[in-house]
Amino acid sequence: MNPISPKKLLHSKWTAVTPKNKEKHFLVTAVKFDEQGNVILCAIEAVMSKRSTPIQWQQLKDIGQWRQGWL
């Protein structure tokens, strides 16, 4: 499990374990919080294609799908 705090998500770098469409490296470009401090929106952007995708931030904790940093 990747250790990550919701407050440190913005601009964090991630590597997909199994790249799709030659997109391997991603950057978290948007994080929105509600009044209680819970993440309500998280978006990642592929570095090569600049394609942005919403994602549940908890998915980034799955070491089978994501590695923290650019490897």
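Here are some notes on the sheet, its hairpins and a few side chains in this predicted model.

1. **The overall sheet.** Start with the strand order, since the rest hangs on it. The five strands make an open sheet, ordered β4-β3-β2-β1-β5, and the pairing is antiparallel. At the edges sit β4 (52–54) and β5, each pairing on one side only. From one strand to the next, the twist averages 35°.

2. **β1 against β2.** These two strands run antiparallel and are joined by four bridges. One pairing to look at is lysine 13, which stands opposite leucine 27 in β2. The hairpin they form has two residues between the strands, and asparagine 21 in the turn shows a positive phi of about 55°.

3. **β2 against β3.** Seven bridges hold β2 to strand β3 (residues 39–46), again antiparallel. Valine 28 faces isoleucine 44 of β3 across this pairing. The hairpin here has five residues between the strands, and glycine 37 takes a positive phi near 90°.

4. **β3 against β4.** Three bridges connect β3 and β4, which run antiparallel. Isoleucine 44 turns up again, this time standing opposite threonine 53 in β4. This hairpin also has five residues between its strands, and the positive phi, near 65°, belongs to lysine 50.

5. **β1 against β5.** On the other side of β1 (residues 13–20), three bridges join it to β5, and the two strands run antiparallel. Threonine 15 has arginine 67 in β5 as its bridge partner, and alanine 16 stands opposite tryptophan 66. When you look at side chains along these strands, keep the usual rule in mind: in a regular strand they alternate between the two faces of the sheet.

6. **The aromatic pair.** The structure holds one aromatic pair. Its members are phenylalanine 26 and tryptophan 66, arranged edge-to-face with 5.3 Å centre to centre and 85° between the planes. Phenylalanine 26 belongs to β2 (residues 23–33) and tryptophan 66 to β5 (residues 66–68), so the pair ties together parts that are 40 residues apart in sequence. Both partners are out of the way of solvent by the numbers: phenylalanine 26 is buried, at a relative accessible area of 7%, and tryptophan 66 counts as buried at 9%.

7. **Lysine 13 and tryptophan 70.** Back to lysine 13 for a moment. Besides standing opposite leucine 27, lysine 13 lies over the face of tryptophan 70, at 4.6 Å from the ring centre.

8. **Glutamate 23.** Is this acidic residue, placed in strand β2, buried or exposed? With 5% relative accessibility, glutamate 23 counts as buried, because the cut-off for that label is under 20%. Its side chain makes a polar contact with the side chain of serine 49, at 2.5 Å. Setting aside neighbours within four places in sequence, glutamate 23 is in contact with Ala16, Ala46, Ser49 and Arg51. Of these, Ala16 is the residue that stands opposite tryptophan 66 in β5.

9. **Serine 12.** This residue is in the segment before β1. Serine 12 is buried, with a relative accessible area of 11%. Where does its side chain reach? The target is the backbone oxygen of leucine 9, at 2.6 Å. Not counting residues up to four places away in sequence, serine 12 touches Ile4, Phe26, Leu27 and Val28. Phe26 is the phenylalanine of the aromatic pair, and Val28 is the residue opposite isoleucine 44 in β3.

10. **Leucine 60.** The last stop is in the loop between β4 and β5, where leucine 60 is placed. Leucine 60 is buried, with a relative accessible area of 0%. Which residues does leucine 60 contact, leaving aside neighbours within four places in sequence? The list is Asn2, Leu9, Trp14, Val28, Ile55 and Trp66. Leu9 is also the residue whose backbone oxygen is reached by serine 12, and Trp66 is a member of the aromatic pair. By contrast with those contacts, the C-alpha atoms of leucine 60 and phenylalanine 33, 27 residues apart along the chain, are separated by 17 Å.

Terms used: Residues numbered from 1 in each chain as written. Predicted model: local features only at pLDDT ≥ 70, side-chain atom pairs only at ≥ 80, totals over all residues. Heavy atoms only, no water. Phe/Tyr/Trp six-rings, centres within 6.5 Å; stacked < 30°, edge-to-face > 60°. Buried < 20%, exposed > 50% of the residue type's maximum accessible area, 1.4 Å probe, protein only. Lys NZ or Arg CZ within 6 Å of the ring centre and 35° of its normal. Polar contact = N/O pair within 3.5 Å; in protein donor to acceptor, adjacent residues only side chain to side chain. Contact = heavy atoms within 4.5 Å. Pairing = 2+ DSSP bridges. Axes fitted to C-alpha atoms, helices over the stretch in contact; angles between N-to-C directions.
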